[in-house]
Amino acid sequence: MLNKLQQLIEKLSTNGIKYCHWKSNSSLSQVLAGQTDVDLLIHRKDGDSFRLIMSQLKFRPAGIQGDTPFPAVEHYFALDEETGVLVHVHAYYRVITGESLSKNLHLPLEEMLLQNVREEDSIQVPAKSAELVVFTIRMMLKHTSLVELFMLARDWKAIRREIEWLLEAKPTDETLKLVADWLPSVNTRLFSKCIDALKIPAPLLRRIILGIQLRSQLSIYARHSRIQAWLSGIQKFSLMAFGRLTRSKRGMLLQSGGAVIAFVGPEATGKSTLLTEVRHWLGEHFVIDQIHAGKPKSIPLTMLPNVLL
């Protein structure tokens with residue numbers, strides 16, 4: 001585990017912050033190594049204390065360039081000084097989920113996740129029965145749009161590993177009980193069919209039909225109309241595509257503003273190599289502008305030295 005994350009987990013525990021790492025825990029080792037985002041669900045009453053802890057540990061808030069942030073969701077970055085890894089904490093105060101691009105659902109599942117926790121690798125995670133509720137909804141809704149289906153195909157092997165990991169302890173009965181208690185609009189028989197469709201897996205058309213049926217039953221939790229959600233998804237897809245063109249995968253900007261990093265030196269001293277490495281390191285997350293200044297224009301006082309150089 002990265003030292004920066006160890007410090008964060010210890011602070012959360014010491015200060016009695018109610019939290020859990022609420023999704024993708026089949027890959028928890030990668031999360032704790034800083035290879036992917038840290039998705040923390042924080043109890044809303046602990047929000048101010050959590051933000052204070054993040055400030056004390058030198059986590060800096062950030063946002064996506066040109067994008068409207070999702071409600072009750074925050075991004076933080078900090079440097080793990082021992083490894084040089086940039087730690088990205090994705091903090092949620094509400095369960096905002098759904099299709100990857102629009103996240104159009106606010107599901108009333110915060111207490112369900114925070115009340116059913118266990119400890120794994122020193123961090124609080126939901127019981128598999130509770131995590132299976134969220135995973136099934138997320139994956140089935142990915143079957144309801146063309147863009148999501150392309151993304152699903154790309155990640156299908158990882159999704160298969162995760163569903164197998166979640167079902168190891170045979171939590172389905174407890175999962176269906178949680179659905180009945182916390183999502184009364186959802187038919188538990190339909191939800192059971194969705195779990196089986198991911199487990200087998202069922203043919204793609206069958207999964208698409210079940211995903212559309214589940215989305216319909218979850219519509220009372222929608223934040224926007226279907227048209228608004230579709231337009232929001234198009235906007236975010238465009239921003240994501242633009243980010244790839246500009247070599248920034250995430251398109252993040254620190255709320256405190258950016259910084260200028262200058263590489264100055266004679267020819268053939270490794271400036272271009274350093275620039276490439278730093279751009280790759282920071283460009284994984286942040287918007288980067290690269291400027292090649294070159295030599296300044298000559299004036300009478302510098303004309304001769306510039307000719308010699």
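Guide: Buried means under 20% relative accessible area, exposed means over 50%, and partly exposed is in between (1.4 Å probe, protein chains only). We're looking at a predicted model, where local features need pLDDT of at least 70, side-chain atom pairs count only at pLDDT 80 or more, and totals for chains, interfaces and linings use all residues. Residues are numbered from 1 along each chain as its sequence is written, and side-chain values use heavy atoms, with hydrogens and water left out.

Visitor: Is K177 buried, exposed or partly exposed?

Guide: K177 sits in helix α8, residues 172–182. Across space, its C-alpha is 9.3 Å from that of S129, though the two are 48 residues apart in sequence. With a relative accessible area of 47%, K177 therefore counts as partly exposed.

Visitor: Zooming out, how many helices and strands are there in the protein?

Guide: Both kinds of element are DSSP runs numbered from the N terminus: helices are H or I with at least four residues, strands are E with at least two. By that rule, the protein has 13 helices and ten strands.

Visitor: And what share of the residues is buried?

Guide: The protein has 309 residues in total. On the contact side (heavy atoms within 4.5 Å), 68% of the contacts with a separation of 6 or more link residues 24 or more positions apart. As for buried residues, their share is 42%.

Visitor: Which strands are at the edge of the six-stranded open sheet?

Guide: Two strands pair if DSSP finds at least two bridges between them. The sheet is mixed in its pairing, with the order β1-β2-β5-β4-β3-β10. Neighbouring strands are turned by 35 degrees against each other on average, direction ignored. The strands that pair on one side only are β1 (19–21) and β10.

Visitor: Which residue stands opposite C20 in β2?

Guide: Strand β2 covers residues 38–42, and three bridges tie it to β1 in the antiparallel sense. C20 is buried because its relative accessible area is 0%. Its opposite number in β2 is L41.

Visitor: Which helix packs on the sheet, touching β1, β2, β4 and β5?

Guide: The direction of this helix makes about 130 degrees with that of β4; such angles run from 0 to 180 degrees between N-to-C directions, with axes fitted to C-alpha atoms, for helices over the stretch in contact. The helix spans residues 3–14, and its name is α1.

Visitor: What is the relative accessible area of V87?

Guide: V87 has its place in strand β5. Leaving aside residues up to four places away in sequence, V87 touches a list of partners, including L2, L5, V38, F59 and Y76. It is buried because its relative accessible area is 1%.

Visitor: In β10, which residue is the bridge partner of A62?

Guide: On one flank, β3 (residues 60–64) pairs antiparallel with β4 (residues 73–80) over three bridges, and P61 stands opposite Y76 there. Three bridges also join β3 to β10 (residues 252–254), again antiparallel. The β10 partner of A62 is L254.

Visitor: On to helices: at what angle do α9 and α10 pack?

Guide: Helix α9 covers residues 188–199, helix α10 covers 204–217, and their axes are 10 Å apart. Among the α9 residues that meet α10 are L190, F191 and A197, with L210 and L214 among those on the α10 side. The residues of this contact divide into six nonpolar, two polar and three charged. The packing angle is about 145 degrees.

Visitor: How many disulfides does the count come to?

Guide: A disulfide is a pair of cysteine sulfur atoms within 2.5 Å. C194, one of the α9 residues in that helix contact, is buried because its relative accessibility is 0%. By the sulfur rule, the number of disulfides is zero.

Visitor: What is the omega of the peptide bond from I200 to P201?

Guide: Most peptide bonds are trans. P201 has its place in the loop between α9 and α10. The bond from I200 to P201 is cis, with omega near -10 degrees.

Visitor: What is the phi of K58?

Guide: Most residues other than glycine have a negative phi. S24, in the loop between β1 and α2 (28–32), has a positive one of about 60 degrees. K58 lies in the loop between α3 (47–56) and β3 and counts as exposed because its relative accessibility is 55%. Its phi is also positive, near 65 degrees.

Terms used. Ala, Val, Leu, Ile, Met, Phe, Trp, Tyr, Cys and Pro count as nonpolar, Asp, Glu, Lys and Arg as charged, and the others, Gly among them, as polar.
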